[in-house]
Amino acid sequence: MTEKPAAPIRDGPVAIRPADSADKSRIRAWRNKPHVRQNMYTDHKIKKAEHENWLEAAQCDPTRELWVIQCDGEDIGVVLISEIDPVGKSASWAFYIGEEGLTGRGIGTRVERLVLHRIFDELKFDRLRCEVLEFNQMVIGLHRKFGFRETGRIEARVERDGKMVAAVCLELERGNLPKQPPLETTD
Ligand SMILES: CC(C)(COP(=O)(O)OP(=O)(O)OC[C@H]1O[C@@H](n2cnc3c(N)ncnc32)[C@H](O)[C@@H]1OP(=O)(O)O)[C@@H](O)C(=O)NCCC(=O)NCCS
């Protein structure tokens, strides 16, 4: 079984740290922001009880890791690593920056480097997958830059604004990892 993460990982001003119970209300607030909800599989406003059940289940589930994104020491978003399979050496992931004013500044790019470090260097997995709604081309482009390739589509995955929207399935294999400068782990 994969050990739950204990230590934060940093790349310059951006870090991910393991989430804990004290993060409960801020995670729900971020997840309910319109710019986050519209890009997720479910876009309803998540109520307190639903969120608490989900968080409790996530925290004791060995196939999931929940991390909080920090920038300059401030908590700003979430990374969820799921479907952790130590035998098949693969996992899936998703992320969001809950503070809307902080998107589009390169933080997500750093977070992706940190997640690849967790998956391929720390856990020594061979494969990382994700699914992105097809209109979220910015995120699809970001993943492609890191070597993710499209492996399929799930047609009509969600209904959004009265239209059916497909999800694009992406996978990064160890052999396609881009050459990257090392993480900036010190000041
Ligand atoms: C996905 C997310 C975490 C990315 O983080 P971010 O800090 O905004 O990403 P970055 O600033 O590193 O930008 C990544 C790339 O997208 C581009 N980009 C960012 N915002 C953009 C925008 N509004 N329009 C077009 N391109 C944009 C950047 O230019 C960059 O591309 P480049 O490397 O070619 O310059 C963040 O945007 C977010 O939380 N979005 C809402 C939730 C979501 O969509 N999650 C993903 C689904 S799992």
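**A tour from the whole chain to the ligand**

Begin with the whole chain in cartoon view, where the secondary structure comes to five helices and eight strands, these being DSSP runs numbered from the N terminus, with helices (H or I) of at least four residues and strands (E) of at least two. This is a predicted model, in which local features need pLDDT of at least 70 and side-chain atom pairs count only at pLDDT 80 or more, while totals for chains, interfaces and linings use all residues. To find the selections below, note that residues are numbered from 1 along each chain as its sequence is written.

Next, select Ile 16, Ile 69, Val 78, Val 79, Trp 93 and Val 111, which touch the most other members of the 40-residue largest nonpolar core. Such a core is a set of buried Ala, Val, Leu, Ile, Met, Phe, Trp, Tyr and Cys residues joined through C-beta atoms within 7 Å, and buried means that 20 or more other C-beta atoms lie within 10 Å of a residue's own, with C-beta atoms placed from the backbone. Among the elements that each supply at least two core residues are β2 (14–18), β4 (74–85) and α4 (107–122), and the largest share, six residues, comes from α4.

Now move to the ligand and select Asn 39, Thr 103, Gly 104, Gly 108 and Thr 109, which come nearest of the 19 residues around the ligand, where a residue counts if its C-beta atom, placed from the backbone, lies within 6 Å. Finally, colour this shell by element: α2 (34–37), β5, α4 and α5 (137–145) each supply at least two residues, and the largest share, four residues, comes from β5.

Key:
Buried ≥ 20, exposed ≤ 12 C-beta atoms within 10 Å, placed from the backbone.
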